Amino acid sequence: MEEMEETDEEELHFDQSDDDDDEYRYGFRFQTIAGYVKALPVSSGVYHEAVEINTSCAKDHTFCGIIFDIEAVKGPKPVQNVYVESFSVFGGLGQMGIYVTKEPASYRYRFKDPQEWKKIYAGRHEAAWNTPCELKLENQLEMKPGEVYGIYIHCEAHGDEGIVYDNTDDQEIPGEDDCALIVRRQGMAHLFWDPFVNQSIWGNAIGYRHNREFVGKVKFGVRYLLWRPETHHQFPEKFKQCAYNVLTCGY
């Protein structure tokens, strides 16, 4: 829940209990937890590794939508593709939608133009306050290393309890150093039940709140490159040296 103010910078914060780090919201009990990354059983023949990112979780606010970026990391591992399977969210929920930028680009350059986005998920869900609700994509979002896509998760329910999100903090993104996908913290909340409308539920023309971040889970798979002479340059230096030594053993 965000508070109506003259500017878009001040907000209503929920009170925390006095005796521990748990919080009480809407009659439910929440616990503040740190983010983490864990490996999952591989259930697809398309990729070699399955991963789940669980963001840090303080559940500071709720409203109609959260917009953020995901990035397929171009790092030392020889990744061919990343396949995003699902996003899991908390909140009052209802009719949910997920949108992605049509071309690789940050939401920062696209959020004002609905024509730059395509809808990749639609479904109705019951409230999920203690256990996140998984929004599983019918067609996985395929990404190549180095690509960034804007993600917009939206709830059409009238009111201000649709989706839980947090204030942005300075903590490290889980798995940033060794994970093939990262969720960029710097995002925006959306304050209206019609997607992409720059308006709040109070009727003013301030439909977005900056410095907000996604709360929930992201599941994805990773497919690694198969070594071939034409892909040799894409592998780490130590691997390339090993491949060279193996190939020269016969000479």
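Trainee: In which strand does E71 lie?

Mentor: In this predicted model, E71 belongs to strand 6, which spans residues 65-72.

Trainee: Is E71 buried or exposed?

Mentor: The cut-off for burial is under 20% relative accessible area. E71 has 19%, and therefore counts as buried.

Trainee: Which residues surround E71, leaving aside its neighbours within four places in sequence?

Mentor: With those neighbours set aside, E71 is in contact with M143, E147, V148, A180, L181, I182 and R184. With R184 there is also a polar contact between the side chains, at 3.1 Å.

Trainee: How should one read the nonpolar cores?

Mentor: The general idea is that, in soluble globular proteins, nonpolar side chains tend to be buried together. Here the largest nonpolar core has 43 residues, and I70, F87, I153 and F220 touch the most other members. The strand that gives the most to this core is strand 10 (residues 128-143), with six residues. A second core, separate from this one, has nine residues, including I67, Y99, Y107 and W117.

Trainee: Which residues does F87 touch, not counting residues up to four places away in sequence?

Mentor: F87 touches F68, I70, I98, C133, E134, L135, L137, I151, I153, K217 and V218.

Trainee: How is empty space to be read, and which residues line the largest pocket?

Mentor: Rolling a probe the size of a water molecule over the atoms shows where empty space is left. In this structure the largest pocket has a volume of about 230 Å³. Its lining consists of K74, G75, K77, P78, V79, Q80, K144, P145, L225 and Q234. By class, four of these residues are nonpolar, three are polar and three are charged.

Trainee: Where is S200 placed, and is S200 buried or exposed?

Mentor: S200 sits in the loop between strand 14 (187-190) and strand 15 (208-214). Its relative accessible area is 0%, so S200 is buried. Apart from neighbours within four places in sequence, the contacts of S200 are L191, F192, I206 and G207.

Trainee: Let us turn to the protein as a whole. How many helices and strands are there?

Mentor: The protein has one helix and 16 strands. Of its 251 residues, 47% count as buried.

Trainee: What share of the contacts with a separation of 6 or more comes from residues 24 or more positions apart?

Mentor: Such residues account for 75% of those contacts in the protein.

Key. Residues numbered from 1 in each chain as written. Predicted model: local features only at pLDDT ≥ 70, side-chain atom pairs only at ≥ 80, totals over all residues. Heavy atoms only, no water. 1 Å grid on protein atoms, 1.4 Å probe; cavity = no way out; pocket = protein on both sides within 12 Å on 5 of 7 lines; lining within 4 Å. Points joined across faces, edges and corners; volume = space filled by probe spheres on them. Nonpolar A, V, L, I, M, F, W, Y, C, P; charged D, E, K, R; others polar. Core = buried A, V, L, I, M, F, W, Y, C linked by side-chain atoms within 4.5 Å. Buried < 20%, exposed > 50% of the residue type's maximum accessible area, 1.4 Å probe, protein only. Helix = DSSP H or I, 4+ residues; strand = E, 2+ residues; numbered from the N terminus. Contact = heavy atoms within 4.5 Å. Polar contact = N/O pair within 3.5 Å; in protein donor to acceptor, adjacent residues only side chain to side chain.
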